[in-house]
Amino acid sequence: MTEIRFDDRVAIVTGAGNGLGREYAILLAARGARVLVNDYGGNTMGSGRSEGPARDVVAEIEGSGGVAAASTDSVAESAGGAAIVAAALDRWGRVDIVVNNAGIADVGPAFEDLDDDRIHAFIETHLFGAFNVLRPAWRAMRERGYGRIVNTSSNTALGIANAFDYPAVKAGLIGLSRSLALHGASLGIKVNVIMPLAATRMSAQVADPKVRKWIAETFPPRKVAPLLAWLCHESVPVSGEIFSCGGGRAARVMTTVIPGLKQDEPTPESIREQWEVVMSGGDPVVALDGSVDAQMMDDGFASIAGSSVGSERSGSS
Ligand code: NAD
């Protein structure tokens, strides 16, 4: 089996001073990548700053014979994103891999008590954070005709009963990633999404002690890093996909649509009458992009927009 390696590649890993990002940076460097270890060294909700975490991970990588440099800029500011990408370009002249991993989370208040500052903090760190790093990185990747990007979502983006700001931005990253994947298809740039589960200081905040214990015992971060590395590799066969990963499991997460109900003149009553068809009419189709849904709305879409490339029968792969 040939070893998966990243010799000559330059990787940026944000939030790499702790938890998952640290594991990613260490594995990519162990496989030959030069790694910009970015971390502003805040607490789990972004207060405080320290150069320590990024520098410690760089020292660890260098101690094992790898190549790394520290960056302590915040991804939450556009100037920070520009500085992170510039640091990699100034030092190594290229950016091949970006892992958008930096993140904040805590146990929040009830939905109706969420304040604006808190919602902004989530949007700025997770969603703007990805835009801030990816815009300058995209320019550099586009110029070289090559790039691998992994953005970090969460299975909470599928819904969770007691958090709202965090799942909302994690869902936003899916839309960004899938659109960038389509945009990058002709540019040599692949973009995928990871939904990790790992025992870190972030997941240690889970309120239920039984869940906390289960995560701590079952999901070491090192078990997520191998999938992440594969998604960063030049031979990764997919783009625009979402993967759940933790405790040794790696699995594709799919969005599907069904043909459903089509009526010439729907009324509230006719929809009520045919509710079964709305809910389960026809086979699910994996929607790799929005055109799949548009095509199901009306067959005319295919002739207007060209053939749909974004679909696949559920279970066919
Ligand atoms: P962590 O707190 O251990 O690590 C996150 C790191 O990001 C920290 O070192 C922090 O300093 C850094 N960071 C935060 N904001 C930053 C900013 N503005 N600029 C630069 N660095 C910043 O948490 P983790 O569990 O390793 O989380 C990593 C990613 O995985 C996050 O995006 C998180 O939302 C996501 N995630 C984690 C889990 C899990 O089970 N641990 C589950 C789903 C998603």
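Select Gly46 to begin: in this predicted model, Gly46 is buried, because its relative accessible area is 17%, which falls under the 20% limit for that class. The residue sits in the loop that runs between strand E2 (34-38) and helix H2 (52-63). If you display its surroundings and leave out residues up to four places away in sequence, Gly46 touches Tyr40 and Ile104. A distance label drawn from the C-alpha atom of Gly46 to that of Ala76 should read 10.0 Å, although 30 residues separate the two along the chain.

Next, move to Asn101, which lies in another loop, the one between strand E4 (97-100) and helix H4 (116-144). Is Asn101 buried or exposed? Asn101 is buried, since its relative accessible area is 11%. With residues up to four places away in sequence set aside, the partners that Asn101 touches are Thr14, Gly15, Leu20, Gly21, Tyr24 and Thr152.

From Asn101, step back along the chain to Val98, a residue that, not counting those up to four places away in sequence, touches Ile12, Val133, Leu134, Ala137, Met141, Arg148, Ile149 and Val150. Val98 also leads into the largest nonpolar core, a set of 33 residues in which Ile12, Val98 and Ile149 have the most contacts. To see how this core is assembled, colour E1, helix H3 (78-92), H4, helix H5 (165-184) and strand E6 (189-196), each of which supplies at least two of its residues. The largest share, eight residues, comes from H4. Apart from this core lies another, made of 32 residues, and a selection of Ala25, Leu28, Val35 and Val150 will show you some of its members.

Now turn to Asp8, in the segment before strand E1 (10-14). Here the backbone deserves a check, for the phi angle of Asp8 is near 75°, a positive value in a residue other than glycine. Asp8 counts as exposed, because its relative accessibility of 55% is over the 50% limit.

For the last single residue, select Ile271, which is found in helix H8 (residues 268-273). Ile271 is partly exposed, as its relative accessible area is 32%. Its contacts, again without residues up to four places away in sequence, are with Leu261, Gln263, Pro266 and Val278. A distance label between the C-alpha atoms of Ile271 and Glu3 should read 55 Å, and these two residues are 268 apart along the chain.

Finally, zoom out to the whole protein and show it as a cartoon, where 11 helices and 11 strands can be traced. The C-alpha trace spans about 65 × 45 × 40 Å along its principal axes. How does the radius of gyration relate to that of a compact globule, and what value does the protein have? The protein has 21 Å, which agrees with the value near 20 Å that a compact globule of 317 residues would have. If you colour by burial, buried residues make up 44% of the 317 residues. A contact map would add that, among contacts between residues at least 6 apart in sequence, 69% join residues at least 24 apart.

A surface view closes the tour: the protein exposes about 15700 Å², of which carbon and sulfur atoms supply 54%. Colouring the charged side chains then picks out 29 positive and 37 negative ones, and the centres of these two sets lie 8 Å apart.

Note on methods. Residues numbered from 1 in each chain as written. Predicted model: local features only at pLDDT ≥ 70, side-chain atom pairs only at ≥ 80, totals over all residues. Heavy atoms only, no water. Helix = DSSP H or I, 4+ residues; strand = E, 2+ residues; numbered from the N terminus. Rg over C-alpha atoms; globule rule 2.2 N^0.38 Å. Buried < 20%, exposed > 50% of the residue type's maximum accessible area, 1.4 Å probe, protein only. Contact = heavy atoms within 4.5 Å. Areas by Shrake-Rupley, 256 points an atom, 1.4 Å probe, with all protein chains shown as cover. Lys, Arg positive; Asp, Glu negative; His and termini not counted. Charge placed at Lys NZ, Arg CZ, Asp CG, Glu CD. Core = buried A, V, L, I, M, F, W, Y, C linked by side-chain atoms within 4.5 Å.
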